[in-house]
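This briefing goes through one structure by topic. The points below are meant to be read alongside the sequence and the coordinates.

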Amino acid sequence: MNPTAITLDTTAVAQPGPWRGKSAVVSGGARGQGAALVRLLLQAGAEVHVLDTLDPAAAAWLDLRGAAEAAGSRLVCRNDDVADPAAWERLAADLRAGGLPLAGLVNNAGLTGPRHTVTATVLEDWDRVMAVNLRGSMLAIRALAPLMVRGAAIVNISSTVGLTGYHSAAYSCSKWALRGLTRSAAMELAPRGVRVNCVCPGVVDTAMIHDNPALLAALQNLIPMQAMATPEQVAGVVFFLLGPGAAYVSGADIAVDGGVTGAGLYWPVAQATGALAPDPRPFSFNDKETTS
Ligand SMILES: NC(=O)c1ccc[n+]([C@@H]2O[C@H](COP(=O)([O-])OP(=O)(O)OC[C@H]3O[C@@H](n4cnc5c(N)ncnc54)[C@H](O)[C@@H]3O)[C@@H](O)[C@H]2O)c1
C-alpha cells in the first residue's frame, strides 16, 4: 500500500486571508495531524497557539516556526501538558490580556499508552490515557469556551476506535468518551453560536502508528481505500469543520477513515471470498484521479 497515493494540495484548502484577525488553539500541534492543521491555519492567516509537550529542541517546532514565517502569521508555542489545568488557565489569561478573538479550538493531543486489554488494565496507564485524551479536552473547553466569539468552532479528535470495540481498552474508552464530551458541549454552546464536532480518523501516517509494525500491517488490511490517511487529509476535514462551510454542523462525528467504519466491516470478507474481483469491463475514465 502506498500511503501517499492520494495527496492533498494544502494551498487549495487554505486560501490566504479568511482567518486574518482571528486566533485558534491547537493542542498536540507540534507534529503529526496537529501540525498539518496548524500549517493550514497559518496559511489562512490565523494567529495559532500550539500547546504540546514535545521537546522544545525537536525539529518539528522549528519546521512549524518556518511555516509561520512563510505565511506571515503569528505562531505561539507553549510547552505544556494538556492534562494540567493550570496550563489552560494560563493560556486563557494570556488570550484575555492580548490575543485576537478566539475562533477555533482543536483538542488533538493524544496518546495510546501501553495497549492493555480491559482485564489486564494497569491503573496508572489507564489514568494517564484518560487524563490526556479526555480530561485535557474537557479542561481546554472549560477554560477557553467562555472566550470564544460567536461563529467559533471546536473540534475534538477522537478515532475510529471510538466507534468500535478495540483491544486497547483505555485508548478506545477515552475516544468514545470524547464523542460524549462533544455532544454535551455542542448542546451547551449552541446558544452562544459556538459549534462542537468530532473527527474520528482511521489509520493515519504519523509517529503514533509506527510504534507497532504488526498492528499497522493488520490495520491496513481493513481499509477499502487501501491506503492510510496522510496527516493533511485529516487536517483538511478539521479545517473545514472550523470554517463557515460547516456553519450548520454541530454535535457530529465524522469518520475520516478511507471507508473503514462505513464500508469496511465486510471488506476483509469480500477480499477473502473474492467477491470484489476486478471488473473485466474497461472503466478507463476511472484511471485518472481528479481533485474537483
Ligand atoms: N495516527 C493515527 O493512526 C490516529 C488514528 C486515530 C486517531 N488519532 C488521534 O489523532 C490525534 C493526533 O495524533 P497523531 O496521529 O498526529 O500522533 P502524534 O503522536 O504524531 O501527535 C500527537 C501530538 O500530541 C502531543 N502530546 C501528547 N501528549 C500530550 C500532552 N499530555 N500534552 C500536550 N501534548 C501532548 C505529542 O507531543 C504530539 O505532538 C491524537 O489524538 C490521536 O489519538 C491518531
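On the other side of α3 from its buried residues, Ala59, Leu62, Gly66, Glu69 and Ala70 are exposed. The model is predicted. The ligand is surrounded by 28 residues, and the largest nonpolar core holds 78 residues.

**Helix α3**

- Helix α3 covers residues 59-71, and its 13 residues should span 18 Å at 1.5 Å a residue; the end C-alpha atoms lie 19 Å apart, which agrees.
- Buried positions in α3 are Trp61, Leu64, Ala68 and Ala71.
- Viewed down the axis of α3, these buried residues fall within an arc of 90°, so they line one face of the helix.
- An α-helix has 3.6 residues a turn, so residues three or four places apart point the same way.
- The packing partners of the buried α3 residues are α2 and β3 (75-78).
- Glycine 72 follows α3 and has a positive phi, near 70°.

**Helix α2**

- For the 12 residues of α2, the expected span at 1.5 Å a residue is 16 Å; the end C-alpha atoms are 17 Å apart, which agrees.
- α2 is mostly covered, with 12 of its 12 residues buried.
- The buried residues of α2 include Gly32, Arg39 and Gln43.
- Glycine 45, just after α2, takes a positive phi of about 100°.

**Ligand shell**

- The closest residues to the ligand are Gly28, Gly32, Gly110, Thr206 and Met208.
- Helix α2 (residues 32-43) supplies the largest share of the shell, three residues.
- The shell is made up of 15 nonpolar, 10 polar and three charged residues.

**Nonpolar core**

- Within the largest nonpolar core, the residues with the most contacts are Leu37, Leu41, Leu144, Val199 and Val238.
- Helix α6 (residues 169-189) gives the most to this core, nine residues.
- Setting aside neighbours within four places in sequence, valine 199 is in contact with Val155, Ile157, Ser158, Val234, Val237, Val238, Leu241, Ile254 and Val256.
- Leu37 and Leu41, both listed among the core residues with the most contacts, are also among the buried residues of α2.

**Alanine 103**

- Alanine 103 is part of strand β4 (residues 102-107).
- Alanine 103 has 24 other C-beta atoms within 10 Å and is therefore buried, the cut-off being 20 or more.
- Apart from neighbours within four places in sequence, alanine 103 is in contact with Lys22, Ser23, Ala24, Val149, Gly151 and Ala152.
- Alanine 103 and alanine 152 are separated by 49 residues in sequence, while their C-alpha atoms are 4.2 Å apart in space.

**Loop residues**

- Aspartate 205 is in the loop between β6 (195-201) and α7 (213-220).
- Because aspartate 205 has 20 C-beta neighbours inside 10 Å, it counts as buried.
- Aspartate 205 and proline 231 are 26 residues apart in sequence, with 6.5 Å between their C-alpha atoms.
- Glutamine 226 sits in the loop between α7 and α8 (231-242).
- Glutamine 226 counts as partly exposed, because 14 C-beta neighbours lie inside 10 Å.
- Most residues other than glycine have a negative phi.
- Glutamine 226, although not a glycine, has a positive phi of about 60°.

How values were computed
Residues are numbered from 1 along each chain as its sequence is written. This is a predicted model: local features need pLDDT of at least 70, side-chain atom pairs count only at pLDDT 80 or more; totals for chains, interfaces and linings use all residues. A residue is near a molecule or strand if its C-beta atom, placed from the backbone, lies within 6 Å of it. Helices (H or I, at least four residues) and strands (E, at least two) are DSSP runs, numbered from the N terminus. Ala, Val, Leu, Ile, Met, Phe, Trp, Tyr, Cys and Pro count as nonpolar, Asp, Glu, Lys and Arg as charged, and the others, Gly among them, as polar. The expected span of a helix is 1.5 Å times one less than its number of residues. The arc is that of the directions from the helix axis to the C-beta atoms. Two residues are in contact if their C-beta atoms, placed from the backbone, lie within 7 Å. A nonpolar core is a set of buried Ala, Val, Leu, Ile, Met, Phe, Trp, Tyr and Cys residues joined through C-beta atoms within 7 Å.
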